[in-house]
Amino acid sequence: MNVPYERQLAAKLERARAVLAPWAPRWLPPASSPESHFRNKAKMVVGGSVQAPTLGILDAEKTGVDLRECGLYDERIAATFPPLSEFITRAKLVPFDVRSGRGELKNILVSVAPSGALMIRFVLRSTESVVRIKKHLPWLRERIPQALVVTANLLPERAALVEGTEEIFLTDAEQLPMQLGPDFELYLRPGSFFQTNTDIARAMYAQARAWCEQSVARRPVAIWDLYCGVGGFALSVAGPGRNVLGVEISEPAIRAAKRAAARAGHAERAESAASGSVRFIAGDAAQAAREESEAPDIVIVNPPRRGLKELAPWLEEHRPPWAIYSSCNIATLATDLEVMKSYEALEARLFDMFPQTEHMETMALLRLRA
């Protein structure tokens, strides 16, 4: 963190160039980020006691370490920490003690939209505290009026997880609108994936849109967005003459993507080749690809850190003319490119999603070799 930001960015770019050197893409200028206050989501482990809670992480002895002053979080998130701490005391939410297995409140997760609206989630061991949370929720929303979505998430297991699978909504609103442009709004539900750096997310969506324009100009095309989350890439490249399919394993994320598509006026079925459409389905990306009758003109993939696994062989076999690969792990990007020998990497760009760390996001434009 003491390294000047320009040197941080240069070091990341040098490492990315070295990893992708065998494919020799043309590197576009890196997309830089604000150096601080860039995280739109906080995952705060709750420690300490009811009277003196900590919000942050646990140390090696499983004792709470307070990180409320951390400079990574959006300032609108940081502003919630004092009232949330007071709320823990007011609602008598006992922090979970990892060593003894006692207590109820494990984590507090806070997300912020560009508008300033917030989603606040209390991760609990059981429903024991829910009644007290509901009782004191009006007080909390008075102190944090931007809290649009508030939930209790249940994580009964003693496991190294941030959240559980059951969500109890405590507000009428169940989705956080993420306004990314005049006609571009996504919807986040609890547990939905969204890039943790909103500025970089915008830059990535704009790059995908530019590469689509560069690849196929304006003729009618089919575009797949695999691992689409709440539909960011799919909706950023949608338009007349483009039949876009988004695939994501999470059904709640797909419901949110469909809502965003409907709000933007995208039809699920094209009336003609020139009209364009956007369709989303919930399912495994590799399986969905196998079940479609024809390969698309462009595939956009944004896989988890493990990479494409089953999908890379499918791409090599079916050979869509173009692919846009967004990777949070450049090592698995390189591994997948070794499998996809029919493709050449035309361009690549580094997106500094996580300043002050060694992590980075890399996007590459791939073209089927002649």
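1. Contacts of Cys328. Leaving aside neighbours within four places in sequence, Cys328 is in contact with Pro303, Pro304, Arg305, Met360 and Glu361. The structure is a predicted model, and every contact named in this note should be read with that in mind. Cys328 lies in a loop, with strand β15 (322–327) on one side and helix α10 (330–339) on the other. The UniProt record, an unreviewed entry, places the feature "active site" at Cys328. Such annotations may be inferred rather than shown by experiment. Is this residue buried, partly exposed or exposed? Cys328 has a relative accessible area of 24%, and because buried means under 20% and exposed over 50%, Cys328 counts as partly exposed.

2. Two domains. The domain assignment divides the protein chain into domain 1 (5–35 + 182–187 + 193–368) and domain 2 (41–173). Domain 1 is thus written as three segments of the chain, and domain 2 as one. The C-alpha centres of domain 1 and domain 2 lie 32 Å apart.

3. The length and bend of helix α4. Helix α4 covers residues 130–143, which is 14 residues. At 1.5 Å a residue it should span 20 Å, and its end C-alpha atoms are 19 Å apart, so the two values agree. Where does α4 bend? The bend is at His136 and amounts to about 50 degrees. A proline, Pro138, follows within four residues of His136.

4. The buried side of α4. The buried residues of this helix are Val130, Ile133, His136, Leu137, Trp139 and Leu140. His136, the site of the bend, is therefore also one of the residues that fall under the 20% limit for buried. The buried residues of α4 pack against helix α3 (81–90) and against the strands β6 (118–124), β7 (147–154) and β8 (166–169).

5. Helix α3 and its surroundings. In α3 the buried residues are Phe81, Pro83, Leu84, Ser85, Phe87 and Ile88. Among the elements that cover them are β2 (41–48), β3 (53–58), α2 (75–78), β5, β6 and α4. Just after α3, Lys92 takes a positive phi of about 55 degrees.

6. Ile108, a buried residue of β5. Ile108 belongs to strand β5 (residues 105–112). Its relative accessibility is 1%, so Ile108 counts as buried. Which residues does Ile108 contact, apart from its neighbours within four places in sequence? They are Ala42, Lys43, Met44, Val46, Leu55, Leu84, Ile88, Ile120, Arg121 and Phe122. Two of these, Leu84 and Ile88, are also listed among the buried residues of α3. The C-alpha atoms of Ile108 and Phe81 are separated by 9.7 Å, the two residues being 27 residues apart along the chain.

7. Leu315, a buried residue of α9. Leu315 is found in helix α9 (residues 311–318). At 1% relative accessibility, Leu315 counts as buried. Not counting residues up to four places away in sequence, Leu315 touches Val299, Leu308, Pro320, Met340 and Tyr343. Tyr343 is 28 residues from Leu315 along the chain, and the C-alpha atoms of this pair are separated by 9.4 Å.

8. Salt bridges between distant parts of the chain. How many salt bridges does the model contain? The count comes to 17. One of them joins the side chains of Arg26 and Glu347, with a distance of 2.3 Å from N to O. This pair links distant parts of the chain, since Arg26 is in strand β1 (residues 26–27) and Glu347 is in strand β16 (residues 343–351), 321 residues apart. Glu347 is buried, with a relative accessible area of 7%. The side chains of Glu213 and Arg242 also meet in a salt bridge, at 2.9 Å from N to O. Glu213 is in helix α5 (residues 198–216) and Arg242 is in strand β12 (residues 242–248), 29 residues apart. Glu213, at 30% relative accessibility, counts as partly exposed, whereas Arg242 is buried at 7%.

9. Further salt bridges. Glu142 forms a salt bridge with Arg143, and their closest N and O atoms are 3.4 Å apart. Glu142 is exposed, with a relative accessible area of 59%, while Arg143 counts as partly exposed at 40%. Arg121, Glu163 and Glu167 are linked in a network of salt bridges. Arg121 also appears among the contacts of Ile108.

Definitions and conventions: Residues are numbered from 1 along each chain as its sequence is written. This is a predicted model: local features need pLDDT of at least 70, side-chain atom pairs count only at pLDDT 80 or more; totals for chains, interfaces and linings use all residues. Side-chain values use heavy atoms; hydrogens and water are left out. Helices (H or I, at least four residues) and strands (E, at least two) are DSSP runs, numbered from the N terminus. Buried means under 20% relative accessible area, exposed over 50%, partly exposed in between (1.4 Å probe, protein chains only). Contact means heavy atoms within 4.5 Å. The expected span of a helix is 1.5 Å times one less than its number of residues. The bend at a residue is the angle between axes fitted to the seven residues ending there and the seven starting there. A salt bridge is a side-chain nitrogen of Lys or Arg within 4 Å of a carboxyl oxygen of Asp or Glu. Domain bounds come from an automatic or database domain assignment.
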